[in-house]
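Good morning, colleagues. Please look at the structure on the screen while I walk through a few of its regions.

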Amino acid sequence: MNAPFELPVMLDWKAAAANRQEAGGKGWQLGLLARYGLPVPDGFVVPAAICRAVMEAAGIAERLAVVADAPLADGILAQCRAEIEACPFPKELRVLLQQELENRGWSDVPLAVRSSATTEDSEKASFAGIHLSRLNVCGLDALIAAVREVWASLWTPQADAYRRRFDIPANEAAMAVVIMPLLPAKAAGIAFSCDPRSGRDDQLILHAHWGLGESLVAGEADGDEYRLQEDPLDTQLKLVARRIGGKARRTMLKKEGGTHTVDTAFAERTQLVLSDAQAVELGELVRDAGFALDFGRPFYDIEWVWDGARFWIVQARPVTAMARNTYAAIADQPTIWSNGNTRDVMPLPQSALDWSTTRRLVNAILDQGYRRAGYPLLPGAQRAALYNGRLYLNLSLIMWEAWDGFGVAPKLVNQMAGGHQPEIRVPPERLRDKLRRIPLFVRYLRNTIAIHRNAQQFADAARAHARSWKQTPLPEDADVCRDVLFSRVRIMGAQSELALLQAPGGTISMLTQKLDKHAPGQSHALAAALLAGGEPSVTAQQGYELMAIAELASSDPATRAWLTDPARDDDAWRQWPHEHPFRRRFAEFLDKYGHRAVYESYWRQRRWHEAPGYLLDNIASLMEMDIAAVRARQQQAQADAWRTVRATLPWYARLGLKSLVAAAAREGSQRELARSSLMALSDGLRPLFLQIGRKLAEAGALSQAEHVCELTLSETGRALSGHIPPAGIAARVADRLALRAHWETHHAPDVIYEGGMAAPVETPKSHAGDGWTGVAVGAGIARGVARVILHPSEGTRLRPGEILVAPSTDPAWTPLFLKAGGLVMETGGYLSHGAIVAREFALPAVVNLPGILGKVRDGDMLEVDGSTGRVRLLHAQTGKD
């Protein structure tokens, strides 16, 4: 390679973070860590293009072309290595390396020279220990020799075998080289931001050894092990176990360069490498690195160094082999992840703050009943995951726990959860299983009756917390901000009673099962009609009160004109006299319901008391509605249902049915009450987050305070304490905003199996060629014009009596339910918000129709049969494709 050629420039960390193909896996990850403000030593990367050029000059490309896709024989691999070692080293590269060493003051500094293949350190292929790295490399000649050796390590038998294992063609192999100073390690080791052996993602594992970590990484020494656990309430880490390792051998530097292993002094073998405080500090750093690189799946294998003053990260790669943390009885079945029901709660991609608070809240909601029943839950079970920014539930775990604990069949869980996904296999039910469950039922009832009886008290306590937080002056000191934040998050997370009230509806399941025995195929429709009317849930009540305000506004010409003015100032009403009827009633409404919002489960969404325009639009559109018609529809549906029950069910099956209906109605209402209470708590906490956002904006870390929602909870605390520099925070936020924009334009599949394999998207089931069948959740039959509404802000287009066709609904959609003649929803199950409120309003409703938004368009004439779950196309709009 004597002919001159144009060399690519060396990549600093900033350039490496922007060019994975040239920086290789290791260099790219280190560049990202540096970009995100993690402690990474200074360094640079020799780009992979230079390795490609060297291999081309050495004739390796021609040799590989002859072999094609066949496994490379040891002789060929040896020839490739020899050719790289014999090929003249590019003079231009020698000069460039010398300049880098001189400019950085590294001419006499021991260096670490690490492999960074373009195919390594991905989510599927780590190449851990496959390619070569060299430590204690001193001087230019030694550096050049080390770079050659690293390039040549592409063609070892183990590297070739690993590539073939993952179907990586040999001609795609190229090697970048990471060069950085060798840190003066007092201690070093490896860490995992999860427990890959058990599959628990709420625990971190640290391994530590004296001096350099090479003997630990190579498996030549048994280091100390530390286990840390994430607190489920405030996510802070605690040391829960530690073990002193043998540490028989340790890695030392040789004077002439390189390293060797020696026996460890006896005193060091019996002494812990890290103190408890250091272990927690390192654990926080390791977790921060995982969240920075991928907050949705923050599971990383990290190499670290302690230089006596601070911890450094010298390598990070995704964990590629993580066990499944599941019950032994279903370990041979794939894990089923579904967003069939969660799309009803969180249809949009989540921010980092959303996910960091949601991932544990889901567990609290779903496992409270089992804990109070004394069911042996799987330690560290995680029932939520983030795919493509969306929230998915582990239905395999949920189905098994429902079956094993209380005998609820997987099919029924599917109906409650919504979505079209397979069911797990369960063993035949035996008498011993029924007997085993009796104590669980008894404990569950004993421990939860009082909670359901006192639901309003728990909700009032949550509202009192929220009101107190909003009335307390916001702290100015950053440390106080951090302490108050975690204290309030802990209080919010401790609302176990509210979590239990949100849990899946056992009473509604019992009601539908009872009806199905004597009225098969009608149980859901009958249950929906029996539950119509009655004491309204908090969500229905807010709808009724909004209608009353609309009636009041309609009677005043000035208010009516203001509401319908296209140039309306949404805050003008605040300046009206306090005795003004509309101002007084609307202010009372906001005091009760202003903590809610459109898509309220997201921290970034402004609440109604902050931005009342959406409510004012709905008041304007409700001014022509008649609440008496809604009440009459409810009474008629309920009366018809009781007549059907008396005609269908034998007398003994009707015993206790009214009590069961009342309990099921109370359960649905309490789910809405619990949700509203949790939203009040989040609304009470939101000003503190915005205060923190303002502080970070003042420090130059954020461009606007609201972007604090792009940080995880732990990142927020670390940012306040100065552990993440402003530039690192700004980089994380910028990249996450871009990622969320990408997620918003990409489809999220209905079902994902463990390992990321997506199930085919299921289209609505057809019948007779003119309609679709879903889950019936509301009583009666409605015929009307379809109005496709993709966002509640479009709700003013819905005219009274039209069929509302929507992707999903949350409480912000309730005003539209008051106008709609029927409801068709793409997602949702029997316990979704849309189902609960549709039952209350006696609205003919069918949910869980995947793909329906692509089949129905504005103006189509539809028939919605809430008794059978069928939606029929009566007449297509002219011009329909």
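**Cores, strands and a bent helix**

Let us begin with Phe 586, which, apart from neighbours within four places in sequence, is in contact with Ile 549, Trp 573, Pro 612, Leu 615, Leu 616 and Ile 619. Please keep in mind throughout that this is a predicted model. Phe 586 belongs to the largest nonpolar core, which has 113 residues. Within that core, the residues that touch the most other members are Phe 582, Phe 586, Ile 619, Leu 804 and Phe 841. There is also a second, separate core of 53 residues, and its members include Ala 48, Leu 237, Leu 274 and Ala 316.

I turn next to Leu 804, which sits in strand E22, residues 803-806. Which residues of this strand point which way? Ile 803 and Val 805 point to one side, Leu 804 and Ala 806 point to the other, and all of them are buried.

Strand E22 has pairing partners that I would like to name. Strand E21, residues 781-788, pairs with E22 in the parallel sense over three bridges, and Arg 787 has Leu 804 as its bridge partner in E22. Strand E23, residues 822-825, also pairs with E22 in the parallel sense, here over four bridges. Val 805 has Val 824 as its bridge partner in E23. Between E22 and E23 the chain passes through helix H31, residues 814-819, and this β-α-β crossover is right-handed.

An antiparallel pair offers a useful contrast in topic. Six bridges join strands E7 and E8, which run antiparallel, and Leu 228 stands opposite Leu 239 in E8. The two strands form a hairpin with six residues between them. In the turn we find Thr 235, whose phi is positive, at about 70°. Is Thr 235 buried or exposed? Its relative accessibility is 8%, so Thr 235 counts as buried.

What is the backbone angle to note at Asn 136? Its phi is near 60°, a positive value in a residue other than glycine. For background, most residues other than glycine have a negative phi. Asn 136 lies in strand E3, residues 133-137, whereas Thr 235 is in the loop between E7, 224-230, and E8, 237-243. Asn 136 has a relative accessibility of 6% and therefore counts as buried.

We now come to helix H13, residues 352-373. How far apart are its ends? The helix has 22 residues, which at 1.5 Å a residue should span 32 Å; the end C-alpha atoms are 33 Å apart, so the two values agree. H13 nevertheless bends, by about 50°, at Asp 367. The helix is mostly covered, with 18 of its 22 residues buried. Gly 374 follows H13, and its phi is positive, near 85°.

One residue of H13 deserves a closer description, namely Asp 354. Asp 354 counts as buried because its relative accessibility is 0%. What does Asp 354 touch? Setting aside neighbours within four places in sequence, Asp 354 is in contact with Met 346, Ser 601, Tyr 602, Trp 603 and Arg 604. By C-alpha positions, Asp 354 and Leu 498 are 19 Å apart in space, with their places 144 residues apart in sequence.

Let me finish with two basic residues. Where is Arg 606 placed? Arg 606 is in the loop between helix H24, 581-593, and helix H25, 613-622. At 52% relative accessibility, and with the cut-off for exposed at over 50%, Arg 606 therefore counts as exposed. Beyond its neighbours within four places in sequence, Arg 606 is in contact with Ala 597, Ala 611 and Arg 686. Its C-alpha lies 9.2 Å from that of His 595, and the two residues are 11 apart in sequence.

Lys 695 is found in helix H28, residues 657-698. Its relative accessibility is 18%, and since buried means under 20%, Lys 695 counts as buried. Not counting residues up to four places away in sequence, Lys 695 touches Pro 475, Glu 476, Asp 477 and Cys 481.

Thank you for your attention.

Definitions and conventions
Residues are numbered from 1 along each chain as its sequence is written. This is a predicted model: local features need pLDDT of at least 70, side-chain atom pairs count only at pLDDT 80 or more; totals for chains, interfaces and linings use all residues. Side-chain values use heavy atoms; hydrogens and water are left out. Buried means under 20% relative accessible area, exposed over 50%, partly exposed in between (1.4 Å probe, protein chains only). Two strands pair if DSSP finds at least two bridges between them. A crossover is right-handed if, with the strands pointing away from the viewer, the path from the first strand over the helix to the second runs clockwise. A nonpolar core is a set of buried Ala, Val, Leu, Ile, Met, Phe, Trp, Tyr and Cys residues joined through side-chain atoms within 4.5 Å. Contact means heavy atoms within 4.5 Å. The expected span of a helix is 1.5 Å times one less than its number of residues. The bend at a residue is the angle between axes fitted to the seven residues ending there and the seven starting there.
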